[in-house]
Structures are given as structure tokens and as C-alpha cells.
Amino acid sequence: MSGFDWIVPVILTVITAATPLVFAGIGELVTEKSGVLNLGVEGMMLVGAVSGFITALVTGNYFLAVCAAAFAGAVMAFLFGVLTLSLMANQVATGLALTLFGVGLSALMGQEFVGEPISALNKLNIAGLSDLPFIGPILFAQDALVYLSFAMVAIVSWFLYKTKAGLVLRAVGDSHDAAHSIGYPVIAIRYLAVMFGGAMSGIGGAYLSLAYTPMWAENMTAGRGWIALALIVFATWKPGLVLVGAYMFGGITILQLHAQAAGLNVPSQVLSMLPYLATIIVLVLISKDESRIRKHAPACIGKIFHPAA
Amino acid sequence: MSGNEGVTPQLELRGITKAYPGCLANDHIDLKIMPGEIHALLGENGAGKSTLVKIIYGVLQADEGDIIWAGAPVSIANPHSARKTGIGMVFQHFSLFEAMTVTENIALGMSGRQNMKALEQNIIEVSNSYGLPLEPNRQVHTLSVGEKQRIEIVRCLLQKPKLLIMDEPTSVLTPQEAEKMFETLRRLSEEGVSILYISHKLDEIKALCHKATILRGGKYISECDPTQETAKSLAEMMIGTNLQAPEHHETSKKGPIRLKVRNLSIDADVEFGINLSAINFDVRGGEILGIAGVAGNGQIELLAALSGETTCRDAETIALDDKAVGQLGPNSRRDLGLAFVPEDRLGHGSVPEMMLTENAFLSGFRRMSLLNGGFINNGGTSDYASDIVQKFDVRTPGIYHTANSLSGGNLQKFIVGREVLQQPNVIIVAHPTWGVDAGAAAFIHQTLIDLAENGAAVLVVSQDLDELFAISDRIAVIAEGRLSVGRELSEITIEEIGLLMGGTHGMGETEGVSDVA
């Protein structure tokens, strides 16, 4: 075993790098499945990160902190919903604006808190199991959010493909006109999906400021919101693959650090390009097969719904 | 059955009025449907039929007027409450979800939760017993128009409605399938289900319906007993003027072969697509060849191969005026005088969100020389679009309105007009009058006949046999990707074509050949 001692710490860091991507990705997946493209993930994550951090610092209650982050992300998403769903603004432009707004707002909110330390989110400690060699620290000694991220993937999967409400949500994303004529409230359903996406992005952001690096720094998401967006295309809108993709992309981020430490001569910029490169390759591959895209990609994504006759 | 005057009507409408900005779609319309009555709603496109049925189904709300259901006034706030009341509807423009399976689509159209396994079983039973075979696990986007319509019908039947609204249900069925469905509807009627039936096929209404209400320009015109009227008198009531049957040219002068197809075989690249195998036919100048067939037997693939959307491996497979064009794309074929009216008028035949001028330009810019060194000739394009609107009597507020603002019939006239004005040598038309009213249909038929008389080769793919018999010189049948030999109109009967369409299509249990012959 001794030659493989480095494996456990590497896996642990991959988990911490992947978890925020899982949250943001699975939330945005639900948003996109309802036919809405919200490019504001990065902004929502930042606002979630700073809200969670401030709450943790002030109250010391991490449960409240995570709730505050989810709430803040949902509020940002609600704002996006008002603009794009009710006022019918262009979704791409509004999403970009939301990211820029989120960067600014989070910096403003966090101004007085930069550099303030908090203790990291507690790791669970299950007597007996956590001390098992190798699998103990990986499977049984994570913080609650890591477990929650896996649970969310399972819940979203179940919701989308096993429940009537999930079927309706996918239907709204596939053809809002047909859904409307059958009598489903398209706009209301999209509001809920968008706000769920915002709440998940908020939690993803909070994972960074509460667990990954327990502190607040401006722009601390460092492009993870964009990776989450790429992740959904990479996963061809399937929840299970979002999880797989998040760990691959998370692994690549970690690889950057370890490659440098090991003195490997790969420029870190090349490694940070990898997630996007992988996404482009997947896009090309799936685009060759029309029926696969139609099966999973929501046909109405980014389209404005006019509830006319 | 109808005629029980003492009974309370299942549905009664009193003074229904609905105004849109700039137009009164429904102007104080009254309607009464008795339990078990099959009631036809007749009118041209734009007469207000669609608006009226959407009000009954709760998609739209009336500005004025009352809806009385089985004697008690009701308000139908949305389609869910319509379904709860006992109203089912088959839409003309389908309300289906392309990326989902047949079962999922049907579950979405039903209120409440469903057990998917039980529902699947239910679908198979109901669809087979009504002669509308469906495979529950197929993805909708792989199905043809006709198959999609079956989903809509089965979706309604599963909910055991008291009133069934059917908007053009038979327009894509074979005569045998339609006859089978009439049996179903008659059976439902005997079971006490009322049916509100919208169709442009007047013979069908005469054969099926007990009563007919006629609308024109949003107003109630009259109620009549269709069995006492002729198809011609019904049509004249709808359009308010006299109607002329298409004037058929006598088969006098046939020109040279203008469209030649030899050994056309294409493997479908989509799951559940139809492979074309060894298709051969010719169309001469001055001739109209009709291709009949049930939806989903290779029409989509054949049309794509002819238009150039799918190219052939061997250029010699398709020849336009003796020029091998098999490897050319749509624009190059258009340069050589091919014109094309696709099946789906919104999305394939036109860009829904674009203006009529832009839609005219997109198909006509080469033949009509509307491009000046890479720039759009705006003057020429508007002239071309105005020309289409004027010559083909397209009813629109103006050429700068979007394609999706036109009613189905008017958009079809626009698309046909756009292609015809390019003076094609060969024109390929898919379902030229699907969902188009009698007046516009007669006009489109006459246009195609005139075009042939001027020397063009015309190929019409349609499921409406009456239409093919009215305009074609020869008819061939496509079934499972194979095309039968084209036969002169005088040598073939509707029954024979029906057998060719259905017989080889592997619907043995439900579409038995024996019970047709």
C-alpha cells in the first residue's frame, strides 16, 4: 500500500473540486430542461458564496449559511426569471448581464469580509467506518455537502424521469406551445426550474467559501460557473453524466496543481483549457447523430415563449 | 342518437364572442350539440372555427357569452378543467412533444398521475380496437404526420370524454383507415358521446354527421342537416359564392420526360426511418403524377431525395430535363428549374418568425434574380412577395407580416404561389391542400393543373385520394419504401389504391385486407 499513499489525498481534493460543479451543473440542468438558458451561473455562484460566508461568519451556523446561499442564488435567478420570462428579454444577454452583476454585487457585499477566516465545514466522522483504510476517508469522512451533491443528482434524476411533474418539466422544454395548448402553466413551471437552478448554484458557490477554501475572496469561483455550463452540454443533458463530467473536470483542475508540483512541463493554461476542449469534442460527436440530440437536448432552449392563441 | 328534442343538449353555446386586436374572430355564435350527436363545424380558414373550439377546450376565454354543459352553465378556465368536465380535443396543429415517446405524450395529455406500464397496455388495446395502431415506445420525432395524428386521437379516447372535438382528423388517413375511424365515431355516438367534427372533406361530413353549423367571417350563418345537402351546396354556404370544380385538361399533348428517377435506394439514417428501395418513375412535361400512400411509408425520404436535401451516391439516379442531378443540393436543383412545396408548411416550407418578403426571398432569390452582388434586392423582393399575395389571393395584412401570422390555408397559398411564380420546369408538391378550406383547395388544384398545361412536370405526394383523383393523370402508390408502377387514372379505382396502400403495410391484425374487399 505504501507506494500508493498519494492516491487518497488526490481523490479527496478531486472530490472537493468536483462538488461545486455538481451542484451548479445539476441546477442548471433542470433550468435548461425546462427550456431556459441561464448563463448567469457564475454570478449566482458568487452571490451564493458571499452570502453563505457572511452568514457563517456572523451566526456561526453552517446550516443557516447554506440556506442563505441557496436563497441568495434563488433570488438572483428570480431576477433573471422576471426579465426573461415575464418581460421576455433575450436569455443570452440577460444571463451574461447576471454574471457581471453577480461579480459586482458579491464584491460589494464581501468588501468588509475579505481575508476574515472561518473554520471549514465539519467533516462527518462515523465511528468505525471513517477509520477504515483507504475507503474510510473517501467514503465516510466527507462533509454534508458532498453527500448532498450526490443525493441531488439522484433526486433530480428520479424527478425528471420517474415523476409526472418531471415529465411536464421536460415537456415544457421540448415544446412550450404544445404544453400550453394542453394546459400546462409554462411560465410558472419555468420560474420554478430557474429558481431551483439558482439555489443549486448558490450552494455550489457556498461550498467554495465554506469548505474548499474557508474564506471570501473576490471572484473566488474563478470560472467554475462557466465550466458547469459546459458540463451540461458535455453530459448531453443527462443527470448521471453531469456527475461523471463534474469529477472529470474537477480532476483536471487538480491535475493542474499536481502537474506543477511534480515539475511536469505542461503549461497550466493548457490544462485549464481541457474542460472546454472536451466539451467542444463532445458537441461535435453528438452533433453527428441528430436523433441523440433530439432525445436529450431541450428543443425550446433559449426560446422566448409568447403565450398567444 | 340525434333528434331527441326533449333531451337537454350536452353542450350549448350562447352568444360566444371573441375579439382580437383588429378582428372579431367570433361574433355572437350559438351552437347546440345533443348527447350522441355528431355535429360538423364548417367554415373557411379564418371563419372562426379554431377560435371557437379553443374556447370550448379552455385554451382561450370568450369575451362574452355562456357555455352550458348538460343544462348547467360552466366556466372552462383551462384545458385541465375542460378534460375534467369531459371534453377531449384532437388538435389540427399537433400538441405533441417531439423528443418524447408515444406513452409520455399521452400521459402528458391526461390529468392526474398515471402508471406508465398500465398506460402502455391501455394504449395498445385502445389503439388496436379503434384501428389506430401505435407503438408506445417510439419517439414522436421519428413518426410521420399520420402516425402523430393517431397519438392525438388515442390520447382523447383514453379519457372517455362526453364530448370529443376533432379538428380535421381524417386528413392524413387512408380511405380504409378513415372508414374504420368513422365506425369508431359512430360507435362512440351510439354510446352517447357527442362529437364536434371539423373537416374540409364535405363528402365525409355528409356521410358521418347528423347536424352541421356553418360559420363565415366569425359569424353564425346557419345550421343544416348535411345528409340533405350536396357537397357543392355545403361548400357554397361556407364561402358564400358559387364553386367551380377544377377544370381538367384532356390528356392531349404529353411533353418529353422532365423528371426521371432510376433505381433510387436510400438507407434511412434516422432510427425508424424508411429505407427507399429501387424507386423508378418518370414524369413528363404536361403531366401530373400523384403518389399516394399512408404517412410514414417513405414519403419524407423520397421528398428529401427529390428536393436535394438528401443527395444520392450516383448522379444518374435523378435527372431533371436529362441532366443528372443526383449529387446536387437544393439550390443547384432550383437553378435547373425545380420547385418544391414541402409537407410541413411552418418550419420547412417557411421560416415562421420571418416576414413574407424574407420567406419569398429565401426560396426564390436565384430564379427571380433577387441578389445584387451579395446584397438583397429589397425592391425586387417586395414586388415578388406582393405579386404572390395578389395573384394567389393570400389574405394577410401585408407582406411585412411574419409567416406564422397567416392561417394554414393562406400560408399554403403563399408557399405554392412562391414556387409557381418561379416558373418551374418540374414542381414537387407534398400534401398541397392539407388543412386548407374548399375554396383555397380548388384554387391550388387549378394552379397545379394550369402549370402542367403550360408544360411543367408536376409530382404530387398526398394521402387525400379524392385530391389525387381530381388532379392527377397517373397515380402510383408508395408502401414501405417501394413505389408501385404508375397507372393511368382510367385504369385504377380508389379501392385498388387503398389495397396497395394498406395491404403491404404490415398492419395485418387491424387493417385486414379481407374486410375491405
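## A walk from strand S20 of chain B outwards

Start with a single pairing: B:Ile291 has B:Val461 as its bridge partner in S20(B). This is a predicted model, so keep that in mind as we go. B:Ile291 belongs to strand S13 (residues 288–292) of chain B, which pairs with S20(B) in the parallel sense over four bridges.

S20(B) has another partner too. Strand S19 (residues 426–430) of chain B runs parallel to S20(B), and five bridges join them. One spot to look at is B:Ile427, whose bridge partner in S20(B) is B:Val458. To get from S19(B) to S20(B), the chain passes through H14(B), and this β-α-β crossover is right-handed.

Now look at S20(B) itself, residues 457–461: five of its five residues are buried. B:Ala457, B:Leu459 and B:Val461 point one way, while B:Val458 and B:Val460 point the other way, and all are buried.

Next, zoom out to the domains. The domain assignment splits chain B into domain 1 (11–239), domain 2 (257–337 + 427–517) and domain 3 (347–423). Between the centres of domain 2 and domain 3 of chain B, taken over C-alpha atoms, there are 25 Å. Where they meet, 13 residues of domain 2 of chain B are in contact with ten residues of domain 3 of chain B. On the domain 2 side, helix H10 (330–335) and helix H14 (438–453) of chain B each supply at least two residues. H14(B), the helix of the crossover, gives the most to that side, with five residues. By type, the domain 2 side divides into seven nonpolar, three polar and three charged residues.

Then there's the contact between the chains, which takes 16 residues from chain A and 23 residues from chain B. On the chain A side, helix H7 (164–174), helix H8 (176–182) and helix H13 (290–296) each give two or more residues. H7(A) gives the most, with five residues. The chain A side is made up of seven nonpolar, four polar and five charged residues.

Finally, the interior. In soluble globular proteins, nonpolar side chains tend to be buried together. Here the largest nonpolar core has 231 residues, and those with the most contacts inside it are A:Leu231, A:Val242 and B:Ile165. Helix H9 (residues 186–212) of chain A brings the largest share of this core, 16 residues. What does A:Val242 touch, leaving aside its neighbours within four places in sequence? Its contacts are A:Val22, A:Gly25, A:Ile26, A:Leu29, A:Val153, A:Leu231, A:Ile232 and A:Ala235.

How values were computed
Residues are numbered from 1 along each chain as its sequence is written. Chains are lettered from A and ligands numbered from 1 in the order in which they are written. This is a predicted model: local features need pLDDT of at least 70, side-chain atom pairs count only at pLDDT 80 or more; totals for chains, interfaces and linings use all residues. Two residues are in contact if their C-beta atoms, placed from the backbone, lie within 7 Å. Ala, Val, Leu, Ile, Met, Phe, Trp, Tyr, Cys and Pro count as nonpolar, Asp, Glu, Lys and Arg as charged, and the others, Gly among them, as polar. Domain bounds come from an automatic or database domain assignment. A nonpolar core is a set of buried Ala, Val, Leu, Ile, Met, Phe, Trp, Tyr and Cys residues joined through C-beta atoms within 7 Å. A residue is buried if 20 or more other C-beta atoms lie within 10 Å of its own, exposed if 12 or fewer, and partly exposed in between; C-beta atoms are placed from the backbone. Two strands pair if DSSP finds at least two bridges between them. A crossover is right-handed if, with the strands pointing away from the viewer, the path from the first strand over the helix to the second runs clockwise.
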